Amino acid sequence: MTTGFARLPAASAFRLTDLRVPACLIEGGDILADRNGLARVDIAIADGRIAAIEPAGAATGAGPALNLDGGIALPRLVDVHVHLDKGHIWPRSPNPDGTFPGALNTVGADREANWSAQDVRARMDFSLRGAFAHGTAAMRTHLDSLGKQIGISWPVYAELRAEWAGRIALQASPLFGADAALDPAHMQAVIAAVKAHGDGLLGCVTYMIPELDRALDILFRAAIENGFDLDFHVDETNDPAARSLEHIADAALRHRFTGRILCGHCCSLALQAPEDEARIIAKVREAGIAVVSLPLCNMYLQDRQPGRTPRWRGVTALHELKAAGVPVMIASDNTRDPFYAYGDLDLVEVLREGTRILQLDHSGPDWAKAVARTPAQVMGVQAGVITVGAPADLILTRARDWTELFSRPQADRSVLVSGRAIDRTLPDYRELDHLMGRAS
C-alpha cells in the first residue's frame with residue numbers, strides 16, 4: 001500500500017499549511033496569486049470537508065497541521081473524453097502501422113472477436129482503478145455503440161457507474177459513425193440504451209459524408225425530444241476540407257439547441273486558412289459549443305507516414321478557441337489500444353504533456369482549468385475546484401512551481417478523498433493477461 005509522500009494528521013480536523021494552489025481553481029474568496037497564477041494558502045479540513053481556505057500564515061487554528069512547504073495542491077481532476085471500453089487491448093491487438101485507419105480496423109476486429117461483457121468489465125474496472133489512484137474525480141467515457149455491442153457494453157457501464165459512485169463520477173456517450181444515424185433501427189437501439197443505462201448524452205463521429213447535415217438533424221432532433229446533451233468526435237484528420245465542426249455549429253444554431261455540446265479532436269481546424277478558422281470559431285462560440293483537445297492521442301496518430309518525420313502536432317487551434325471565449329479542455333482519450341499505445345488515464349501527465357505539445361506555458365496562468373473546472377462544468381458535476389464546504393478531494397505534490405511539477409511524473413503525489421489519503425497502488429497489467437491470450 002502506498003499513500004504518497006504526505007503523512008496526514010490522524011484527526012478528524014486538521015490543517016494543511018503553506019500550499020500553492022492555482023488561483024483559477026479556488027472557488028470563492030480573493031487570495032492573491034503570484035505571476036504563475038499560484039496562490040499560497042492554508043486549508044483547514046474537518047470531517048472530510050474543506051472548512052476554510054486562507055492566505056498562508058493568516059490563521060493559526062487549533063489542532064494538528066501538516067506543512068507542505070510550498071508544494072502545489074490541485075483538486076481531484078476531471079477527464080472529459082476517454083474510451084474505457086477500448087482500453088488495454090494493445091497486447092492482443094496492436095496497431096499494425098500507427099495510423100488512424102490502422103487503429104479503426106484493428107479495434108473493429110477486436111471488438112467483434114473479444115468484447116464480451118466479462119472482457120469489457122475487466123478492462124474498464126482496471127482503467128478506473130488506475131485513474132482513481134492518479135487523482136481523477138470524474139470521467140466521461142465513449143462507448144462503441146454498434147450492433148450487438150450496444151446490448152453488451154451499456155449494461156456493464158451502468159453497473160460500474162453504480163459501483164464507482166463516491167469515487168469517480170462517471171458519464172457515458174454513445175460512439176458510432178455519422179452514417180449510422182441515418183438508420184432508424186440503429187438510432188432507436190442507441191436511444192433506448194441511453195435511456196435505460198446512460199446519462200442523457202448522445203453523440204457520434206462526424207466526417208464529411210454527403211448526408212452529414214441530415215445525420216446531424218436526426219441527432220439534434222433526438223437530443224431535443226429526449227432532453228439529451230451532445231458529444232461529438234470531430235474532424236480527426238489533417239485534411240483542411242474536413243469541416244464537420246462548422247456543420248455541427250450550423251445545426252446547433254438551426255435547431256436553436258439549448259443543451260450542452262462538446263466537440264472532441266477538431267484537428268483540421270488548425271489547418272484552415274485564417275479567415276476560415278476565424279469564421280468557424282465564431283460560429284462555435286455563438287452555438288455554445290465547448291472543445292476538448294486530445295494532445296497525446298492526436299500527436300501519436302496524426303501526420304504519421306512511413307519513413308517521414310511528422311510535420312505537425314495534430315492538435316486543434318486551442319489558443320484561438322480560448323481567446324474567442326470558447327470553453328476549452330484537454331483530456332486523456334485512449335489508453336494502450338490501437339488509437340494510442342500508451343497512457344494511463346493520469347491527468348497530471350496529460351496536463352504536463354499537453355502543456356508541452358500545445359505550448360500552454362507562455363499563454364496565461366489559468367490552463368489548469370482545462371483538466372479541472374471547465375470539464376466539470378461541461379459534465380455538470382461538482383468537482384475540479386477547491387471550495388469551502390466541498391469534500392476535501394485534493395492532489396498534493398512536493399513541486400513548488402510549474403516547472404518542478406512538469407519536470408517529473410509526481411509519482412509520489414498523495415491523493416485525498418474526503419480528507420483521507422487513498423491507496424495509490426496501481427493495478428498490475430498482469431491482471432489482464434488472461435484476456436490477452438497469454439499466461440501471467
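Okay, let's start with one residue: Asp-235 is buried, with a relative accessible area of just 4%. Before I go on, keep in mind that this is a predicted model. So where along the chain is Asp-235? You'll find Asp-235 in the loop that runs between strand S10, residues 229–234, and helix H6, residues 244–254. And the backbone there has something to show you: phi of Asp-235 is near 50°, a positive value in a residue other than glycine. For background, most residues other than glycine have a negative phi.

There's another one to look at. His-265 also has a positive phi, near 80°, and isn't a glycine either. This residue lies in strand S11, residues 261–265. Buried or exposed, then, for His-265? Buried, with a relative accessible area of 1%.

Okay, on to the helices. Let me take H3, residues 149–164. H3 has 16 residues and reaches 22 Å from its first C-alpha to its last, close to the 22 Å expected at 1.5 Å a residue. Just after H3 comes Gly-166, with a positive phi of about 95°.

Which residues of H3 are buried? They are Gln-149, Ile-150, Ser-153, Trp-154, Val-156, Tyr-157, Ala-158, Leu-160 and Trp-164. What do they pack against? Quite a list: helix H1 (100–114), H2, strand S6 (136–144), strand S7 (169–175) and helix H4 (184–197).

Let's pick H2 from that list. In general, people describe two packed helices by the angle between their axes and the distance between the axes. Here, the axes of H2, residues 117–134, and H3 come within 10 Å and cross at roughly 35°. The crossing of H2 past H3 is right-handed. If you want to click on side chains, the H2 residues meeting H3 include Val-120, Met-124, Leu-128 and Phe-132. Over on H3, the residues that meet H2 include Ile-152, Val-156, Leu-160 and Trp-164. The residues of this H2 and H3 contact divide into ten nonpolar, two polar and five charged.

Last stop, Gly-389. Look for Gly-389 in the loop between helix H11 (373–379) and strand S14 (394–396). Gly-389 counts as partly exposed, because its relative accessibility is 40%. What does Gly-389 touch, not counting residues up to four places away in sequence? Arg-49 and Ile-50. And if you'd like a distance to try on your screen, Gly-389 and Asp-69 are 320 residues apart in sequence and 24 Å apart in space, C-alpha to C-alpha.

Notes:
Residues are numbered from 1 along each chain as its sequence is written. This is a predicted model: local features need pLDDT of at least 70, side-chain atom pairs count only at pLDDT 80 or more; totals for chains, interfaces and linings use all residues. Side-chain values use heavy atoms; hydrogens and water are left out. Axes are lines fitted to C-alpha atoms, for helices over the stretch in contact, and angles run from 0 to 180 degrees between N-to-C directions. Helices (H or I, at least four residues) and strands (E, at least two) are DSSP runs, numbered from the N terminus. A crossing is left-handed if the near helix is turned anticlockwise from the far one by less than a right angle, and right-handed if clockwise. Contact means heavy atoms within 4.5 Å. Ala, Val, Leu, Ile, Met, Phe, Trp, Tyr, Cys and Pro count as nonpolar, Asp, Glu, Lys and Arg as charged, and the others, Gly among them, as polar. Buried means under 20% relative accessible area, exposed over 50%, partly exposed in between (1.4 Å probe, protein chains only). The expected span of a helix is 1.5 Å times one less than its number of residues.
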